[in-house]
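Here is a friendly walk through one protein model, meant to be read with the structure open beside you. We will start at the ligand and work outward from there.

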Amino acid sequence: MLLFAHGSNLNHGRKCDYTVDREIQHRIDCANIGAIATYIYNIYFHPLRRFPGPLIQRASRLPWAYLHATGVQAMATQKLHDQYGPVVRIGPNHLSFIDTKAWKDIYGHRVGNSAHTSEMSKAPEWVHAVRSVPTSIINADREEHSRFRRALSHGFSDTAMRGQEPEIVKYVDLLIKRLHEECDQGKKALNIEGWYNWTTFDVVGNLVFGQSFRCLENADYHPWIEFIFKTIRGNGVVVAMTYLGFGFLPDLVFRMGLFGIRQVISLTDDMVTTRLNAEKPREDLFEGLVEKRYEWNLSFQKLSSNALILVIAGSETTATTLSGATYLLLTHPEILEKLKHEVRSAFNDASEININTVNNLKYMLAILNEALRLYPPVSSGLVRNVPAGGAEIAGHFVAEGHWSMNHSKENWADPWEFKPERFLGTSKEALEAGNKLEALQAFSVGPRNCIGRNLAYAEMRIILARIIFDFDIKMSPSAENWIDKQKAYTLWDRVPLEVYLTPVRRAAA
Ligand code: HEM
C-alpha cells in the first residue's frame, strides 16, 4: 500500500508512470497471493500439519521471530506446551518438545548412522546467524568441532582444574574482600548479580587470556563486557532476522563493523595476541588450541572466535545460576537457614573451602540444581536440523526448550516451586514423588554438551559457600519478582539484584 501511494507521486507529467504503478501493484498482489498460498500450504498440506500449535504459528514464521526478538519466546512456548501437550508446532517447520526422551533423540549420538549424520546438526539460523563470524567450537561442523573439542578437553580435565584452582580462589578471595569493604555492615544495598558477574568474568579472563578484566578491583564492567551484553540482547533480533530470511542484514552490519563491533574485535585480538605471546605454556582453558595452531593451520580469527566463546560461555552462565540461586534462597528463608547450617557447620575457617571440600555440601548442590531448573541459564534455542531419513520431520527444526521442559507438570511435581529436596534422593525416589530428574539437562547432552560443566560446578560451589560462610544476606525490596522482570534471548538479560550483606561475627579461635 505504502509503495503504491509513493508510486502515485511519480505521476507528474511522466507518461509511463501509470505503467510503473500498475507493475508495483501487480508485484504486491503477487506477493500477497504468494503469502496466502504459503499460509494455506503450511496449515493444510505441510508434512508437519498433524502437529498441534496455534494457527498463526503453524502458518507463519513471523510470530516466533517476534517473540524471540522481544525476549519472551521461551515463556510463550512454555504456555503453549501447557495448552497443546508435549510436542508443539511453534513455526511452520519448527517443533518444540518437552518429553525427556527428546534430549537423547535430538542431541545425543545417533548410533548406527553414517559419520555424516551421527548427530543432528545445529541449525545455522541460531548458531551462525552472522555468517562472516569465523567458526568456533559452538558452531563448527561435526569434523572441525570434534578437533576443537579434543584440543580443548585437556584444559577442562580434572587434573587441569586442580592446577587452575589457585587462580579461581584468588578471585573469590578478592570478591569476598571487596564485599566486606563495600557492604557497610548491611546498611548499603549491593547489586550481587553484578558482583557475581565481575567475579566470573575475572576468573575466565584469566583462564583464557591470561589476564583478568579487573572488574572486581574497579567494581565495574570492562567496556568489552558491556558490548557482550548488548550482543546478548541484539542476538535475539539477529536470530529473528535470519529465521525470516533477512540474514544478510546482520551480516552486513558485522562486515561494516558497526555498533562498536570493530572496537570489540580489535580489543579481543589484542588480548589474544598478548595470550599467544605468553613466554611459557599455561595450564589454562585455551592452551589446547594454542598448541595446535601451527599443526592445524588455525587462523588468528578462529583462535579469537574460540576465545570469545569461551569467555561468554564460561562467565554469563555461572553468574546467572549464582544470581538465580541467591534470589531463590532470599525468597525462601527456611531453605537459606538450612544452607547456612550446612556451610557454617562444615568449616571453621574460609580457607578450608576448596574444590574438594565443597563436594561434601550435598544440600548446596541440590539448591544449585534446583536453581538451574527454575532459572536455566540457557533458556531455549538449542535448535537442531532433522537430517534426511528422519521420517516426516526430516529437514525441519527441532528443539527442546529448557524453560518449558523444566516447568512442565509432566516432568516435575509442583514445577513452579523451589524445592531443592527433589534432588536429594535417588532417581527412583524422585520419580515416585513425581520428579523426572533426567528432564534437567542444563548443560545439554551428547557430543556438544557443555565442556565446562565440572568447572562451572566447582566455581559456583566455592563462591556460594564463601558468601554464605561470610555473610548474612537480606533482599532489598527492589529485588522482588526478580526473575519475572527479565527477558530471555537464549541467555538472560539480567537486571540488578540488590541485597544487604552483614558480615558474620565469629568468636576468635
Ligand atoms: C552453569 C553454568 C553453565 C551452563 C548452564 C552451561 C550450559 C551449556 C550448554 C547448554 C551448552 C550447549 C550449547 C549448545 O548446544 O549450543 C554449553 C556448551 C558449552 N559450554 Fe557451557 N555452561 C555453563 C558453564 C560453562 C563454563 C564455566 C564454561 C567454560 C569456559 C563453558 C564452556 C562451554 C563451551 C566451550 C561449550 C561448547 C561445547 C561444544 O560445543 O563442544 N560452559 N554450555
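For sorting residues by class, Ala, Val, Leu, Ile, Met, Phe, Trp, Tyr, Cys and Pro count as nonpolar, Asp, Glu, Lys and Arg as charged, and the others, Gly among them, as polar. Sorted this way, the shell around the ligand holds 16 nonpolar, six polar and two charged residues. Please keep in mind that this is a predicted model.

**Around the ligand**

In total, 24 residues surround the ligand, and the closest are A313, G314, T317, C450 and G452. Two elements, α16 (300-330) and α21 (453-470), give two or more residues each to this shell. The largest share, seven residues, comes from α16.

C450 deserves a stop of its own. This residue is found in the loop between α20 (427-432) and α21, and it is covered by the annotation "binding site" in an unreviewed UniProt entry. Is C450 buried, exposed or partly exposed? It counts as partly exposed, because it has 19 C-beta neighbours inside 10 Å, and a residue needs 20 or more to be called buried. Not counting residues up to four places away in sequence, C450 touches F443 and S444.

**The nonpolar core**

Helix α16 turns up again in the protein interior. The largest nonpolar core has 117 residues, and V208, A307 and L464 touch the most other members. The largest share of this core, 13 residues, comes from α16. Leaving aside neighbours within four places in sequence, A307 is in contact with V208, F209, T268, V272 and F286.

**Helix α4 and its surroundings**

Next, turn to α4, which spans residues 62-69 and has W64, A65, H68 and A69 as its buried residues. Why do these four share a side of α4? They cover an arc of only 125° around the axis, so they sit on the same side of the helix. The general pattern is that an α-helix has 3.6 residues a turn, so residues three or four places apart point the same way. What covers the buried residues of α4 includes α3 (55-59), α5 (73-84), β1 (87-91), β2 (94-97) and α12 (223-243). Just after α4, G71 takes a positive phi of about 75°.

L95 has its place in strand β2 and counts as buried, because it has 22 C-beta neighbours inside 10 Å. The C-alpha atoms of L95 and T70 are separated by 20 Å, with the two residues 25 apart along the chain.

**A contact across the sequence**

E125 lies in helix α7 (residues 124-127). With 20 C-beta neighbours inside 10 Å, E125 counts as buried. Which residues does E125 touch, not counting those up to four places away in sequence? They are V239, T242 and Y243. The C-alpha atoms of E125 and M241 are separated by 8.9 Å, although these residues are 116 apart along the chain.

**Two positive phi angles outside glycine**

Finally, two loop residues are worth a look for their backbone angles. Q185 has a positive phi, and so does N297; neighbour counts refer to C-beta atoms.

| Residue | Phi | Loop between | C-beta neighbours within 10 Å |
|---|---|---|---|
| Q185 | near 50° | α9 (158-182) and β3 (190-191) | 10, exposed |
| N297 | about 55° | α15 (287-292) and α16 | 8, exposed |

Methods:
Residues numbered from 1 in each chain as written. Predicted model: local features only at pLDDT ≥ 70, side-chain atom pairs only at ≥ 80, totals over all residues. Near = placed C-beta within 6 Å. Buried ≥ 20, exposed ≤ 12 C-beta atoms within 10 Å, placed from the backbone. Arc of directions from axis to C-beta. Contact = placed C-beta atoms within 7 Å. Core = buried A, V, L, I, M, F, W, Y, C linked by C-beta atoms within 7 Å. UniProt positions renumbered as here; feature names shortened; annotations may be inferred.
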